[in-house]
Amino acid sequence: RAKKALRRNRALFTTAALVLVTLLAGTAVSVWQAIEANRAQQQVQASNALARRAVDEMYTQFAERWLSEEGNASETQREFLEKAMAFYEAEAAKSSDDPAIELERLRAKQRVHAMQLKLGQQDQAEEGFRELARLSRSQSKATPEGSEFAVIEIDALQNLGFLQMQKGSADKANAFYDEATVLSRALAKAKTLDEKNQAHLASMCASIGAHLQKLNRREQAEQILQISIRLWRELQESSPQKWKYQLGYADALEAQGLQRMWFGDRREEAKESFEQSKDLLLALLKDHPNDRSCRHKLADVYLSLGVLASWDTNIKQAIDFNRQGVAIARQLASEYPTDQYILSTLTRLLANLSGDLLASGEDEDASVVLEEYFANADRLSARFPTVQNYLELLASASYAKIWNLFDQGELPAAIDVATNLR
């Protein structure tokens, strides 16, 4: 029957076969095109991800440290930051309904506004951080990844507080820091963050505490510093192999010591915090002897311990602490000659050491240290002329040098220093 039907309707069957072959061929082409399009899209996504990872790594290694420095960006820093900012601005423009993609977008936006702040674009930075706080708050309430968005909101709020402090508006700064504190406390209590975000929260709590100290809110500063210390302690206990958490814990203990030392007149408690920080850092340096942050932090701790010893009129101990700090800071300054914070730490250590040596009657050693103190203060203020603290350091070094020259009978040289200071 099939053969008869085929013979009777050969033209019809031939046409149908041709149509079927055409449809199959078209389907095959469509499938191939879809596969190729998908492959091309995957390649584009992979390229974008690779580019993002490369910029992220460069940002982490260089830009984050530059952003923490005082003063204006150098020409090289400005060029890099402007290029990185253009990249992150493009990333921040890619809005999405996918919470994971939106999280990355807001992180890019977060970096854009941090760079605007460094580049002196305060108005754009403030407007951007306000929008970032609003967007992250909206996402934190609507998505399962809410705690990660909340971390971004806290960062935006503390930056807004900092901007208000720069404007001299303490009331508005306090309002932003209060919001950030409430949210930080709730987030720390909820325990919903992964390790990376918990470490970020711990760092921000320490930063908020430091700014609350400057706003003369000692009790609130102490409370949020305690949160930072607890978060770091939890991290180092849960992941003891990750030594950076121990470094964060040591950093928070030092911040607590400074708060008690300068704003609470609680010297014994301050000394206890500094000693704990010192012991942690010395233990870390046994396994990581060349780590820059660890060594710098230890030099800072020796600086504070030296001040406390001097206040207690234990000049011999003060000299010992300052000498240990100077030895570390000198080596760091030789390895990282452009790092303003290392140079600042070294200069302050030299200032304290020269004063303690004079107090102990070691005038010859004091004169040598004083010369180094003056040279470093001069270099620091020349490199960062817009930073008021460094100009004050130079003024103090100049006065000390003038009086030392007077004592040595070198009146013309003393007049030269005084003239340059004026």
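Here are three short exercises on a predicted model, each with a worked solution.

**Exercise 1.** Find out where Lys191 lies and whether it is buried or exposed.

*Solution.* Start with the backbone: Lys191 has a positive phi, about 55 degrees, even though this residue is not a glycine. Next, look at its place in the chain. Lys191 sits in the loop that runs between α7 (170-190) and α8 (195-214). Now for the surface: the relative accessible area of Lys191 is 55%. Exposed means over 50%, so Lys191 is exposed.

**Exercise 2.** Work out which helices flank the loop of Thr313, and whether Thr313 is buried or exposed.

*Solution.* Go to the loop first: Thr313 is found between α12 (292-311) and α13 (315-335). Then check its backbone. Thr313 is not a glycine, yet its phi is positive, at about 60 degrees. Finally, take the relative accessibility, which is 65% for Thr313. The cut-off for exposed is over 50%, so Thr313 counts as exposed.

**Exercise 3.** Place Ala133 in its helix, decide whether it is buried or exposed, and say which residues it touches.

*Solution.* Begin with the helix: Ala133 belongs to α5, residues 122-142. Its relative accessible area is 3%. Buried means under 20%, so Ala133 is buried. Now see what it touches. Leaving out residues up to four places away in sequence, Ala133 is in contact with Glu153 and Ala156. As a last step, try a distance: Ala133 and Ile154 are 21 residues apart in sequence, and their C-alpha atoms are 7.7 Å apart in space.

Notes
Residues numbered from 1 in each chain as written. Predicted model: local features only at pLDDT ≥ 70, side-chain atom pairs only at ≥ 80, totals over all residues. Heavy atoms only, no water. Helix = DSSP H or I, 4+ residues; strand = E, 2+ residues; numbered from the N terminus. Buried < 20%, exposed > 50% of the residue type's maximum accessible area, 1.4 Å probe, protein only. Contact = heavy atoms within 4.5 Å.
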